[in-house]
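I opened the notebook to record what I looked up, one item at a time.

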Amino acid sequence: MMLRYRLAGIAVTLAVTGASALGAPSARTAPLDLNEKRAQSESTVSPSAQRAFETARDKLLQVRTLLKDQDSQASVGSGFIVGSEGLVITNYHVVSQIALQPLRYRLTYTRAGGSGGVLQLLAFDAVHDLALARMVASNDAATAGAEGDVDKRPPSFATLSFRPRAQALANGERIFSLGNPLDIGFAVHEGNYNGLAARSFYPQIFFAGALNPGMSGGPALDGQGRVIGVNVATHRAGQQVSFLVPAQFAQELLERGRDAQPITGDVYPELTRQLLAHQALLVRRFVAQPWRSAGHARYRIPVPQEDFMRCWGSSSRAETKGLEYERSDCEMEGAVFISGQLQTGRLTVRHEAYDGSKLGALRFARAYSDSFRNEGFGAGPATTQPQCEERFVDRDGLPLRAVVCLSAYRKLKGLYDLSVLVATVDASTLGVQGRLDARGIDFDNALRLTRHYLDGYAWNGSH
Amino acid sequence: MERLALIEVLDHDGRVQHAVPVTHWPVTVGRALDCDVVLHDPYVAPRHATVDKAADGAPGLVLTVGDSVNGVRLAQRRLSSGTSALLPEGVEFHAGRSGLRVRLAGESLAAERPLGHQARRLRVWVTVGAAAALLFWTAASLWLQNLPGSGWDKYLPILLGTTFGVAIWSALWGLGSKLFQGHFRFTPHLRVVLGFILARLSLDLLLALAAFALSWPLLSHISGWLEIALFAALLATHVSVLLPARRQTVGLTFGALCLLAVGITGALSWRHHQRLFDELYAATLPPPALRLVQAKPVSALLDDVRPLRTRLDRQAKEDEENDSAAER
């Protein structure tokens with residue numbers, strides 16, 4: 001619509017790709033001189049951080065996605081050994097390239113000792129951004145180090161164990177996140193457990209500590225060296241505001257995929273299956289919630305609950321001579337990462353309530369039309385171009401102009417992106433325009449959400 | 001001596017370049033100095049043609065082609081060397097690249113064409129009215145755009161810009177008139193451009209309002225195509241003013257160009273958006289009093305949406321096949 005701004009703060013995932021690695025040197029040149037740095041590290045790295053690193057060191061991996069025919073890395077992340085037969089947990093987004101384009105990439109690992117090999121993808125949970133892989137010792141000179149595991153016998157690996165689910169962590173408890181930040185070297189980052197992140201659709205641990213690109217998929221450990229979560233994302237706007245996938249989802253994936261055959265074929269059917277389950281849950285929970293009131297005198301405007309969405313509001317300046325507005329933007333914090341180009345499975349709802357009494361009917365009509373026109377439909381390469389239907393819709397006597405646009409996913413068959421635009425058309429200098437976006441939902445849910453959203457509009461009781 | 005006839009030598013645009021009085025028959029036409037009508041045209045033979053009274057005192061003239069390679073073209077017919085044909089009075093014939101026409105004494109003349117003071121006055125009023133309407137329209141749309149209480153300085157640049165733009169456009173076409181017709185004609189072109197701009201603005205507005213009033217988005221979608229058609233018509237009209245004799249050819253040419261442009265626009269839109277029109281939905285929301293159709297329950301909209309599924313699925317499949325074909 002006419003007045004847009006970007007919300008601060010979107011979680012970013014932590015795999016290093018070519019583009020972000022380019023940014024890395026500038027991070028190195030942070031204005032800290034060497035002596036200061038040394039003094040700082042001596043005072044802050046506690047013996048328990050040392051212990052955590054020592055216990056985890058030989059169970060840590062750097063996970064590298066290499067181009068098929070050369071050794072250039074397309075992205076790097078981290079991982080850790082959870083099964084003695086060489087089973088490794090990492091993030092789905094660390095292995096997404098190999099999963100989606102197995103003909104273009106290969107997946108390798110490097111251990112802290114320098115040894116390495118090939119990783120086979122066994123299972124993934126895209127919704128929680130986790131993947132399970134198996135280490136295959138390799139004689140490949142390019143990836144294997146000089147020492148260790150290149151052996152004909154089925155090797156047995158030391159593993160990290162999970163902290164029992166029953167033992168809840170206390171807020172403020174010290175935890176340690178490990179990985180290989182920015183491809184610089186294995187590292188331990190110390191921070192604190194702060195419970196679960198608020199307004200997250202799936203539980204995510206709020207880790208007050210630094211996570212850097214390249215640490216994706218690395219473990220977060222408690223004081224006893226047990227896994228409590230998996231590094232996944234950091235907050236773009238924040239400092240030391242990071243997120244971990246709770247360990248239970250990694251455990252479940254491990255149980256589910258322990259005996260699986262390596263994935264070699266098309267992963268889109270499985271991704272589709274997981275996304276369908278995700279959107280079924282998401283839409284069911286969303287539709288079950290009643291709308292909140294926007295507090296408008298004339299209209300009932302649908303504003304979502306803030307259980308798993310975050311809403312920001314803004315308004316025109318009080319002294320404006322033109323169109324007055326109040327705006328609300330609600331969106332889900334996270335989306336399901338499918339590939340670098342595609343994140344889906346999320347909802348956004350927003351509206352703008354306009355008052356044009358200072359403008360008069362004609363000027364208002366113009367500004368109101370401009371706002372209705374100024375809507376983007378960013379059809380990416382993953383979906384078809386949108387197709388729309390539009391109508392005047394009656395909501396208990398309140399006339400609305402409603403436009404419903406849908407596009408279909410090409411490879412994720414049966415999933416669609418939905419946009420519903422609404423404008424009230426009952427008054428000559430007053431109106432509300434709203435928009436609901438749902439990415440990656442099935443067709444029936446698109447219809448259900450459209451109805452749910454439009455039903456949220458009506459005259460206000462006091463009208 | 002009695003003037004029997006007049007032979008007019010015409011330029012490419014059919015205007016009389018010079019005229020040669022005829023005092024005796026036959027009249028010879030050619031490049032040679034002893035011809036009665038001397039043509040300075042390298043495609044003309046020294047003695048190219050002869051025009052004579054018909055034999056036996058019959059009325060009319062006879063054209064005989066002399067010793068010429070190129071012959072004579074008379075009303076779509078080509079007469080070769082040595083042939084003769086009846087030459088109707090007042091009909092143009094061509095020797096080489098020169099056009100000629102014979103006027104006979106005693107011809108019946110068309111009535112004097114009035115200079116049309118009345119019509120001219122009307123045209124002036126139409127022009128002034130159209131210019132005022134355009135300025136008013138521009139000011140009105142600026143008024144809509146500007147905040148209440150904006151000063152005249154918000155209006156001036158665009159109003160002056162519009163005025164100068166239209167004047168320069170008309171003047172350039174006027175220069176075209178000078179080129180093709182020998183004199184600078186400003187106001188006919190001004191009238192043309194004013195007319196088309198006003199037509200475009202009012203059609204755009206009417207279509208947008210009608211699309212809302214009738215809930216018929218197609219009316220809004222087609223305005224892009226209509227713009228192309230109007231622009232083609234504008235150019236065609238300007239060119240027709242330059243070449244009034246070729247009005248039909250000009251109309252056909254620009255009509256064909258317009259169809260081509262609309263076709264290309266539609267094809268590009270189809271290729272990029274899988275729809276014929278660029279516009280995705282009708283966005284103009286005029287004051288609610290203009291709405292003529294009833295609002296329907298939500299279920300009616302959902303009924304409209306349901307059929308999209310097959311279309312989208314088919315499109316997704318096609319896109320996917322194209323993608324995988326490209327990957328291979």
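My entries on the two chains follow.

**Model.** I am working from a predicted model.

**Chain B, overall form.** I started with the secondary structure. Chain B has eight helices and eleven strands. Next I checked the radius of gyration. I found 31 Å for chain B, where a compact globule of 328 residues would have a value near 20 Å. I then took the box along the principal axes. The C-alpha atoms of chain B fill roughly 95 × 65 × 35 Å. I also looked up burial: 21% of the 328 residues of chain B count as buried. Last came the contacts in chain B between residues at least 6 apart in sequence. Of these, 46% join residues at least 24 apart.

**Chain B, domains.** Where do the domains of chain B lie? The assignment gives domain 1 at 5–104 and domain 2 at 119–273. I took their centres over C-alpha atoms and got a separation of 46 Å.

**Chain A, domains.** For chain A, the assignment places domain 1 at 11–265 and domain 2 at 273–459. I looked at how they meet. Domain 1 of chain A gives 14 residues to the contact, and domain 2 of chain A gives 16. On the domain 1 side, strand E1 (11–13) and helix H4 (92–100) of chain A each supply at least two residues. H4(A) has the largest share of that side, with four residues. I sorted the domain 1 side by class: six nonpolar, five polar and three charged residues.

**Between the chains.** How many residues of each chain are in contact? I find 49 residues of chain A against 39 residues of chain B. On the chain A side, H7, strand E21 (387–395), strand E22 (398–408), E23 and helix H8 (443–455) each supply at least two residues. By class, the chain A side divides into 26 nonpolar, eight polar and 15 charged.

**Helix H7 of chain A.** I checked the length of H7(A), residues 361–373. At 1.5 Å a residue, its 13 residues should span 18 Å, and the end C-alpha atoms are 18 Å apart, so the two agree. Which residues of H7(A) are buried? I list A:Arg363, A:Phe364, A:Ala365, A:Arg366, A:Ala367, A:Tyr368, A:Ser371 and A:Phe372. Then I asked what the buried residues of H7(A) pack against. In chain A, I find strand E20 (347–355), strand E23 (416–424) and strand E24 (430–441). In chain B, I find helix H1 (117–145). H7 is also listed among the elements on the side of chain A that touches chain B.

Terms used:
Residues are numbered from 1 along each chain as its sequence is written. Chains are lettered from A and ligands numbered from 1 in the order in which they are written. This is a predicted model: local features need pLDDT of at least 70, side-chain atom pairs count only at pLDDT 80 or more; totals for chains, interfaces and linings use all residues. The expected span of a helix is 1.5 Å times one less than its number of residues. A residue is buried if 20 or more other C-beta atoms lie within 10 Å of its own, exposed if 12 or fewer, and partly exposed in between; C-beta atoms are placed from the backbone. Two residues are in contact if their C-beta atoms, placed from the backbone, lie within 7 Å. Ala, Val, Leu, Ile, Met, Phe, Trp, Tyr, Cys and Pro count as nonpolar, Asp, Glu, Lys and Arg as charged, and the others, Gly among them, as polar. The radius of gyration is taken over C-alpha atoms; the globule rule is 2.2 Å times the number of residues to the power 0.38. Domain bounds come from an automatic or database domain assignment.
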